[in-house]
Amino acid sequence: MSLLELKALLPQLLMVLGATVVLVAGAWVRNRRLWLLTGLVLALGAAFIAGTVEPPVAEVAGMFSTSLYARFCTIAWSLVIAATLLLSGRYADLHRYGGGEYTSLLLFAGTGMSLLSAATSFLGLFLSLEAFTLVLYILIAFNRVDNLGAEAGLKYLVFGAVATGFIAFGIALIYTASGTLHIAEALAALQVDGAMRPLGLAGWALMLVAIGFKISLVPFHFWTPDVYQGAPAPVGGVMATAAKGAVLAAFLPLLDGLGVAGGEIKQVLWLLAILTMLVGTFSALSQTNLKRMLAYSSVTHMGYLLIALLIGGADGGQALLFYLVVYSFATFGAFGVITSWALEDGEVQNYDDLRGLGYLHPRRSSALALFMLSLAGVPPLAGFFGKFGIFHAALQHGYLELALIGVFASLVSLYYYLRPIIVLFMQERDAHQLRSGSGEEFVLLAGCCVATLFFGIYPGPLLDLIMTLLP
Amino acid sequence: MMATLTFYLAGAIAVIATALAITRSNPVHAVIYLVNSFFALALLFYLLGAPLLAAWELIIYAGAIMVLFLFIIMMLKLSPSSAEKGLVATRGQWVPVVLLAVALASCTMLLTGLDPATAQEAPRWHASPRDFGYALFKEYALAVEIASFQLLFAAVGAFYVGRPDKMRDEEDVV
């Protein structure tokens, strides 16, 4: 590895070395706020470097690309990590987290995610995927006194280990068939006369299982509600946004690279998309817990994103990235409100506990309502444009049935997104007064609200940016 | 010919032993079967031309990690019922012995086959420890670094989540 290659990896190096420094220094200086702030500065610094420093080489060690697309993903995931650290201040105090450990684990997760979206080799893909999944196992169970958290962590660990086995075996089969780990070369070698070689197909089938688990597509989604419910709310925010986004961003070029030979895989994805949208929607209907509802909602949204993944090419990629960004703002904001309402002995997440909370905490309740409406895709908000983009692209590329099911799922989803709003504002006030929000939570939630509104009214700049990334 | 035969023999042993390892209810038996499977795997690595990996498979996996597993199982103090069940002599006890014997026998067969006097075919590709180290720390240096960071954070997390409550209370500062 040359110095130039190291320079190209500067944002990731900053995060991972910073994480190590925070970890070591955190053993001596037990100051939670100091380390959260340091982590925030490091993550923002990584995003800044990724945005401004032109990488001198196009590919690092034959494993990671430094394209504009990869840099955009690095910026996005480091910003999510920065936002999580900002949000966690009071929550970490409440549960007496070790500041150094929490910060360094989150920073390392950010490194893994940004490397995953940049992977150009199956080896890099596997390692970076495992890097942040491993950190998530720990972060989910970070609140040790909470039995639900421990259960969620264990559940995710067991399912995740099986998924890791699947992806490792899938990569091994693809390597056997193609003789190389480099993704572009391997995908080219897998094809004979425009069709996939059988061994490659088997490898892809195993990989799809693992992807299905990581982004919770329907037959593999059973862990999602339990893990979201048990995980600390800020960690849940990362899992629902950046962790899934990084996997999707990594597999978008992978599926595109398949070209015509990907026909069989696309048939499977087509079925998965339908199942995911329908089962996710109908499972969310009966939920009476905000975090569980958000979990099923994220399953449904992964179904929409799968449509964009299926379409592929520039159109699908642009719709996917735009949707991912607006979905992340709304979902992260919703988890942010839950974080802000957290109590020492748990989080306010049952609808019964939310009843009438809108009168006591009008600002945060309205923010939550705004995020719910954006997720539902109500017109002036950003979520509407995201959905419009995906369904429009689906119609253009002949996926009429997927677009219809998507629209149907969105209409039904209004029911379960409106329910918490009704509980918050239109029912007898019997909730207890919660803590007032802290300054940094206010900044973050306001930021998410502004973004959700802004990209809904004026999506032009973001669309232009995404078009330059995926021409 | 000898090498091909040994390859399939070792492959069969690895599959059978692993299947048995994950179906045993007695954890000690499971560990012994896993050791069997590691021996067979080491043989496979050797036949594929990676002697260093074969040696590591034996020294690190079978030798160190599995012994650690055995210690942990013994320290966990299994309930008397399961321990009694494990002590009852059954015909199943002979299975690991047979598997390991076949693995060792094929190992011997291989060594005889590789003897310069009787050698018929050498492995097509041979990765010397030097080649291996070169690939690991030159070509895949970044991958090794990522994996080592991963292990570091896994260790930290495991310690954090698993530390005793006493330490938690001491930590309640700032």
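**Entry 1: the interface.** I looked up the contact between the two chains and found 24 residues from chain B and 34 residues from chain A. I note that the model is predicted. The area buried between chain B and chain A came out at about 2,700 Å². Carbon and sulfur atoms give 67% of that area.

**Entry 2: polar links.** I then searched the interface of chain B and chain A for salt bridges, and the rule finds zero. For polar contacts between chain B and chain A, I recorded one residue pair, with both residues at pLDDT 80 or more.

**Entry 3: the chain B side.** I asked which elements give two or more residues to the side of chain B that touches chain A. They are helix 7 (141-162) and helix 8 (165-170) of chain B. Helix 7 of chain B supplies the largest share, 14 residues. I sorted this side of chain B by class and obtained 16 nonpolar, two polar and six charged residues.

**Entry 4: cavities.** I searched the whole structure and found six cavities of 30 Å³ or more. For the largest cavity I noted a volume of about 140 Å³. I listed its lining, which has 17 residues. Those nearest the centre of the largest cavity are A:Ala8, A:Pro11, A:Gln12, A:Thr66 and A:Arg71.

**Entry 5: the lining by element and class.** I traced the lining of the largest cavity to elements of chain A. Those giving two or more residues are helix 1 (3-8), helix 2 (10-26), helix 3 (32-52), strand 2 (64-65) and helix 4 (68-94). By class, I entered eleven nonpolar, four polar and two charged residues for this lining.

Note on methods:
Residues are numbered from 1 along each chain as its sequence is written. Chains are lettered from A and ligands numbered from 1 in the order in which they are written. This is a predicted model: local features need pLDDT of at least 70, side-chain atom pairs count only at pLDDT 80 or more; totals for chains, interfaces and linings use all residues. Side-chain values use heavy atoms; hydrogens and water are left out. Contact means heavy atoms within 4.5 Å. Buried area is the accessible area (1.4 Å probe) that two parts lose on being put together, summed over both. A salt bridge is a side-chain nitrogen of Lys or Arg within 4 Å of a carboxyl oxygen of Asp or Glu. A polar contact is a pair of N or O atoms within 3.5 Å; within protein, one must be able to donate a hydrogen and the other to accept it, and residues adjacent in sequence count only if both atoms are side-chain atoms. Helices (H or I, at least four residues) and strands (E, at least two) are DSSP runs, numbered from the N terminus. Ala, Val, Leu, Ile, Met, Phe, Trp, Tyr, Cys and Pro count as nonpolar, Asp, Glu, Lys and Arg as charged, and the others, Gly among them, as polar. On a 1 Å grid over the protein atoms alone, a cavity is a set of points where a 1.4 Å probe fits but cannot get out, and a pocket is an open set with protein on both sides within 12 Å along at least five of seven lines; lining residues have an atom within 4 Å of a point. Grid points are joined across faces, edges and corners, and a volume is the space filled by probe spheres set on the points.
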